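Reader: Let's go through this one slowly. I'd like to hear the rule behind each label, please.

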Number of protein chains: 2
Amino acid sequence: MTAYTATVTVRLKRGVLDPEAETTQRQLERLGFDLEDLRSADQFEIDVDASDADAAAERADEMAERLLANPTIHDYEIEVAERDA
Amino acid sequence: MTAYTATVTVRLKRGVLDPEAETTQRQLERLGFDLEDLRSADQFEIDVDASDADAAAERADEMAERLLANPTIHDYEIEVAERDA
């Protein structure tokens, strides 16, 4: 078994309203910042022990499907890196 | 001016309690998943036009200091990439 960290990034699908991101963007503009757009995402860094990186990614993918993302409104992506155990 | 996306990742500092992450981890374990640890982070993808990547990163850094992160409890990191305008 090798120690991995799987990073799951969960984003709203294009077209799904994100009032929190809009509020953050407007607040930044009120503070004088110049920006074109702002999107927010949730990130989960999950430490797993697995036989290889593919197995770690597969387990993280199942976690996203079962709990971390809502397929109706979310897209997600997964990155896996070895970690110091 | 070049079009960039600055990604600001805001994490709780080590030692700051994260009940939401703990709940998520416990729920995954209840679903039968095997994991060592789970940490959560907020990510902001900010589209900015700037003269170069350093200027884009500097502006995102100011945004993090002013609004996106709370220095008492958060660490943050910034990545900048060109985007298709």
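Reader: What makes A:Gln43 part of a pairing between chains, and which residue of chain B stands opposite A:Gln43?

Author: A:Gln43 faces B:Ala41 in strand 2 of chain B. Before going on: this is a predicted model, where local features need pLDDT of at least 70 and side-chain atom pairs pLDDT 80 or more, while totals for chains, interfaces and linings use all residues. Residues are numbered from 1 along each chain as its sequence is written, chains are lettered from A and ligands numbered from 1 in the order written, and side-chain values use heavy atoms, leaving out hydrogens and water.

Reader: Why is strand 2 of chain A said to pair with strand 2 of chain B?

Author: Two strands pair if DSSP finds at least two bridges between them, and here there are eleven, in the antiparallel sense; so the label fits. Strands themselves are DSSP runs of E, at least two residues long, and helices are runs of H or I of at least four, both numbered from the N terminus. Along this pairing, A:Asp42 sits opposite B:Asp42, and A:Asp37 sits opposite B:Asp47.

Reader: What joins strand 1 to strand 2 within each chain?

Author: In chain A, strand 1 (residues 2–12) and strand 2 (residues 37–50) run antiparallel, joined by ten bridges, with A:Val8 opposite A:Phe44. In chain B, ten bridges join strand 1 to strand 2, also antiparallel, and B:Thr2 has B:Ala50 as its bridge partner.

Reader: Why is the contact of A:Glu45 and B:Arg11 called a salt bridge?

Author: The rule wants a side-chain nitrogen of Lys or Arg within 4 Å of a carboxyl oxygen of Asp or Glu. The N to O distance for A:Glu45 and B:Arg11 is 2.7 Å, so the pair passes. There are six salt bridges between chain B and chain A. Another salt bridge has A:Arg39 and B:Asp47 at 3.0 Å, N to O; A:Arg39 lies in strand 2 of chain A and B:Asp47 in strand 2 of chain B, so that pair joins two chains.

Reader: How many residues of each chain are in contact, and what area is buried?

Author: 31 residues of chain B touch 31 residues of chain A, contact meaning heavy atoms within 4.5 Å. The buried area is about 2,900 Å², with 54% from carbon and sulfur atoms; that is accessible area (1.4 Å probe) lost on putting the two parts together, summed over both.

Reader: How do you know which surface each copy uses, and what relates the copies?

Author: 100% of the interface residues of chain B are also interface residues in chain A, so the copies meet through the same surface. Chain B can be laid on chain A by a turn of 180 degrees and a shift of 0.0 Å along the axis, with an RMSD of 0.0 Å. The two copies are therefore related as by a two-fold rotation axis. That superposition is by least squares on the C-alpha atoms of residues with pLDDT of at least 70 in both. Of chain B's residues, B:Asp42 comes closest to the axis, with its C-alpha at 2.6 Å.
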